Amino acid sequence: MNRCIRFAAAFCVLLLAALLVNAARVQLVDAHAYGSDPANRRIPIARYQQPRGDILAGGHRVTGSRDAGGQFRYRRTYADGPLYAPVTGFASQTYGSTLLEGTEDPLLAGTDPRLDSVPLWNEITRRQQRGGDVYTTIDPAAQRAAFAGLAGRKGAVAAVDPTTGRILALVSSPSYDPAELAGTGPAAIGAWSRLTADKDQPMLDRAIRQTYPPGSTFKVVTAAAALESGLVKDVRARTASPDPYRLPGTRVSLTNEGPGCVDASVYDAFRVSCNTVFAKLGADTGARAMAGQAERFGFNDTRLRLPTGVAKSNFDTAMGPDQVALSSIGQFDTTATPLQMAMVAAAVGNGGRLMRPYLVDKVTNHSGLTVGSTQPQVLHQAVSGRTADQLQQLMEAVVTSGTGTNAAIPGAVVGGKTGTAQHGLANVGTPYAWFISYAKPRGSAVATVAVAVVVEDAEAVRADISGGGNAAPVARAVMRAVLGQSTFGKLKP
Amino acid sequence: MSAPSATAPTAPPPPAPRPPARRGVELCLIVGAVAVALYGYAEVGLADGGRLPPDAAGYGGGLAALALLAHLAVRARARYADPLLLPIAVLLNGIGLVLIHRLDLAPSLGPEAADSQLVWSAVGVGLFITVVLALRDHRVLSRYTYVSGTAALALMVAPIFFPAVNGAKIWIRCAGFSIQPGEFAKVLLAVFFAGYLSANRAALAYTGRQIIRIRRLDRLGWVRRLQLPTARVLGPVLVIWLMSVGVLVLERDLGTSLLFFGLFVVMLYVATGRTGWIAVGLLLAAAGAFAAGSLEPHVHSRVQDWLHPFATIDAGLGPSQLAQSLFAFAGGGLLGAGLGQGHSYLIGFAAKSDFVLATAGEELGLVGLCALFLLYGLLVARGFRAALALRDPFGRLLTVGLASLLALQVFVIAGGVMDLIPLTGMAMPFLAQGGSSVVTNWIIVALLIRASDRARRPEPEPVPGVLEVAA
C-alpha cells in the first residue's frame, strides 16, 4: 500500500507542477499579450487613474480634470469649451480624443518618454508618470474676438503671427462643448449621437479641417504669380482686359459684379476685385506658374502638421487655360482652408516669407519644466520681398479705398482682400463670404497678425462686397485684439 | 520507537525519550499566520483609503482567538498532531478573509461578504474543535461506512429539488441560508470509500477475470494488472461513476462529479494496488467527460470557453469571465500590483467565489500565487505523510482520500480559472467565499489532525507483565 500512496502523492506533485508551470505561462510568458488586449479594461482604468495634463492658452488652463470617482476616475473638464474646441478637440472616455487632445495624448496622459527624468526608470518601476502640460500659441483675446465676431454664424477664423507662424486663433462656428463627451454612460452617448447627427456639424473644425473655394481672396496668389513671373511689372499700368472676358477655348463669358474693369490696372482691378482681369491674368501666367506659386503659399501640401493634421488645400496642377482662368479667381477646383488663406496673407505681410504654422509653443512636465518646444521655421519663400511690397500696396488699397474698408483700424496699417465664393450646383448655394487680411502697427515693416475669415451663410447679396460686409468686421476685431496687446493699449477700442 | 530491553528484567527499563510533540512550533507558526493576515488586512485598508482600517484590531483579534482556541483543542486532545496543519489552515483562511474583504470594496460585486465569511470560519473552527475533542480515534468512523455513503447520496441528490442558481443546481436554500451540500458530501464520501475499500480490499484485488486470457502473457506483470474483478465487486464502481455523471447532468456540476470520481479512482488504486484501475478509471472518465461535454449544453459551453477564452471578445460581446480572469493574472505579473490595487473585480459576480484566485494572482503576483500553491502542496504532503505513518488501512485510505480531495480541488479550480482545464464552479479551499466550503475544509483539517496525531503518537509504554493487545 505504501508504494501506491507514494504514487498517489507523486501524482499530486505532478498536478502542482502543472499549476506552477501554467501560472508562469499566464503571468510571465503570455502576460504581455493579455495585458495589451484591447478588451482589457486595465489600460483605460490606469489611464484615467490620475488627472490628465492640461492645455493652456495665453498662460491660462483651458482644460481641467475632475475626480468623478468610479472606474474611470478623472474626467476631462473644459473652461470655455465651445471657444477652444477647435484647438483642444475632446478627450472622451468613450470616444477617444481628437485634435491637440489626440496628438499630444501621450504627453497629457503621462506615457510620453520625454516626461521621464531618468530614461526607462518608469518602465522599470511601472510607476505612472503625471501628465505634462501643453502650452498653445493661441492668444485668448484674439480667440474670443473671433468667436464673438462670428456670433454663432456658420464659419471659421484662423489667425497667425506672420513673423513666426504662431497660430493666434482657430475658431469654428457653430461649436460644441467637449465636456459633454468627456465621461461615460448615457450622457456622453446622447451628446455624441446628437452632435454627430447635427446637420450644422458642430464638431467639424472648419478652420483647419474644412476647405472652401477661396473666391476672390485667391487673387492675391494670382497677382503674386503674375508679378513673380514677370508678366506684370507695374501694378499701376493698364492691362489689356476685355469685359466680359470669354474663357479661352469656350463660349463661356465671365463678367464682373461692378463696372470699371475694362483694361483696368492690376491695382484697380484688385481694389474693386475684377474677375475678368484676374481670370485673364491667371490664364496668361499659365497653369505651371500658377500652381508653383500656389504651392509656395502652402497649397497641395498634405504633410502639414500643427501638430494636428490640416486638410489639404487644392490647386490643380494639370488644367486647360479656361480652367486655369477660373481657378485664378478661386473657383473651379481650387479650395482652401481658412488657415491656408491666413498663411497667404501672413506671407504677404511678412515680406514674402511664409513661416511654418504651429499651435504648440512648448510642452512641460507636471512641475513646469520644459521638455519640448517649437522653434519658428521658414516653410517657403513664397514671393520675393519686392513682390511682397507690391502685393502689400494692392491689399492695403483694398482697405483704404476698395471693397474692404470695413477692416480699417485707426493707427494701424491694414491690408486685406475680400472674397465671395460661389458654390453648389450651378452656383446656386448661398455664397461664402471671405476676408483675409494682415495688420501692422504704423511704422512697422512686418505685420504682427494675419487673419482669414469665412462666413458660410452670408446673408448679403451675391456681391463681392459681402466678404467686406460680413467677414471683414470679424477680421478687424481679431486684428484689433492682437494689436491692442502688442501696442499696449495705444489703440482706442 | 522505543525497544525496551527484554534481556535485563531486573533493572527497570530507562524511560524512552518522548518524541517531541512540537506544539510550541505550532503556536509560533499560528502567530506568524495571524500576523500575515493582519498585515494583509492593513495593506488593503491603506491602499483603499490611505489609512489603517479601524476594524483591523477586531478582525485580527477574531482570527487570533479562533486560531488560539483551535490550538488549545489540539494541545489538549491531539498533542502529537502534525504542527504544520493548523497554521497552514489558519494562514489560508486569513488570506481568504483579506481577499474577500478586499473585493468587498468593489461595490459592483454585491453585498459585503467578509463578515459572514468570518462567522462561517468561526463555525468551521468550532466544528474543528468539536471533531478534535469528541473524536478520540478516527477508526471509529469506519463503523459509519454505509451511514456516510447513504448520507452523502442524500445530500448530493437533495439540490435537485431546489432551483438552480447561476446555472448550477448545487444549492439548498432555506430560511435565508444557502448551503452547498455537495461540500459536506465530499467528506462523507471519503469516509464511505475508505470504509468500503478497506473492508473489500482482498476481493477487489484478487478476484475477477483477466481481460487477456493468454496464459503466457502472465509473465508480463502489467497484463496481469489488467485483470478485472467480477461484476459483483465492480458493481459499486460503476454505480459511483454513473452517479457522478448523473449528478453532473442533473445538477450541472462538472466540478463535483470530477472530484468524486477522481477521489474514488485514487482511493481504489491505493487500496488495491492495481494499475488497471487507473486505466479503467481514465477510460470511464474520458467517456463520461466526452458524453457530458458534447451533450450537456452547460458543460459544452464551459469546454468551448476553455478552448477559446477570447471568443466572446472576437464576437464583440466583451471579455468573458475566463478572459477577465486571465487579464487579472497577467496584470499581476511577477510581483503583483499590491493588495487592494488590482482590478480583479472586473471579473464580475463570481470574483469572490470561483475566481478568488485571480485576485491573489493579480495583487500578490506569481510569487504570491506560487506561495499559495506551495501552502496547499504542504497541506496535502503532510496528509500523505500521515497516511504513510498510519497502521490501519481505513485510516490510511481516509487520510489519502482527504489529502487527494484537497489536491484535486485545488488543481481543478486553479486549473480552471487559469485556462489549464475547463472551468468548473468550485470553491478554492479556505480562500473562496462560501460557508459550506470553509466549514467542510475545517472538518477535513480536523480529521487530518486526528489522523496525524495517531500516526505520530509514540507506542504506549508496555506495562511489564501485561500482554499488549493489538489495536
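Start by selecting Cys12(A): the closest cysteine sulfur to its own is that of Cys4(A), 14 Å away, which is too far for a bond. Cys12(A) is buried all the same, at a relative accessible area of 11%. For contrast, jump to Cys28(B), which is exposed with a relative accessible area of 57%. Keep in mind as you go that this is a predicted model.

**The disulfide**

So where is a bonded pair of cysteines? Select Cys261(A) and Cys274(A), which a disulfide joins with an S to S distance of 2.0 Å. A search of the whole structure finds one disulfide over all chains. Set a torsion about the S-S bond and you should read about -80°, so this disulfide is left-handed. Now show the cartoon around the pair: Cys261(A) sits in the loop between strand E11 (253–254) and helix H12 (266–272) of chain A, while Cys274(A) sits in the loop between H12 and helix H13 (275–285), so the bond ties together parts that are 13 residues apart in sequence. With a surface switched on, Cys261(A) counts as buried at 2% relative accessibility, and Cys274(A) is buried too, at 0%.

**A sheet in chain A**

Next, colour the strands E9, E8, E18, E17 and E16 of chain A; in that order they form an open sheet of five strands with antiparallel pairing. Strand E9 (167–173) and strand E16 (412–421) stand at the edges with a single partner strand each, so one side of each has no neighbour in the sheet. On average, neighbouring strands here are turned by 10° against each other, direction ignored. Zoom in on E8 (residues 155–160) and E18 (residues 449–455), which run antiparallel and are joined by six bridges. One to pick out is Ala158(A), whose bridge partner in E18(A) is Ala452(A).

**The nonpolar cores**

Move to chain B and select Phe128(B), Leu357(B), Phe373(B), Met428(B) and Ile449(B): within the largest nonpolar core, of 146 residues, these touch the most other members. Then add helix H16 (residues 393–417) of chain B, which gives the most to this core, with 16 residues. Which residues surround Ile449(B)? Beyond its neighbours within four places in sequence, its contacts include Val74(B), Ala78(B), Leu85(B), Phe128(B) and Val132(B), as well as Asp82(B). A second, separate core has 92 residues, among them Ile167(A), Leu170(A), Val235(A) and Tyr245(A).

**Last stop: confidence**

Finally, colour chain A by pLDDT: the mean is 86, and 93% of its residues reach 70 or more. Select residues 488–493 of chain A, where the pLDDT is below 50; this stretch has eight contacts in the model beyond near neighbours in sequence.

Note on methods:
Residues numbered from 1 in each chain as written. Chains lettered and ligands numbered in written order. Predicted model: local features only at pLDDT ≥ 70, side-chain atom pairs only at ≥ 80, totals over all residues. Heavy atoms only, no water. Core = buried A, V, L, I, M, F, W, Y, C linked by side-chain atoms within 4.5 Å. Buried < 20%, exposed > 50% of the residue type's maximum accessible area, 1.4 Å probe, protein only. Helix = DSSP H or I, 4+ residues; strand = E, 2+ residues; numbered from the N terminus. Contact = heavy atoms within 4.5 Å. pLDDT = per-residue confidence, 0-100. Disulfide = S-S within 2.5 Å. Pairing = 2+ DSSP bridges. Axes fitted to C-alpha atoms, helices over the stretch in contact; angles between N-to-C directions.
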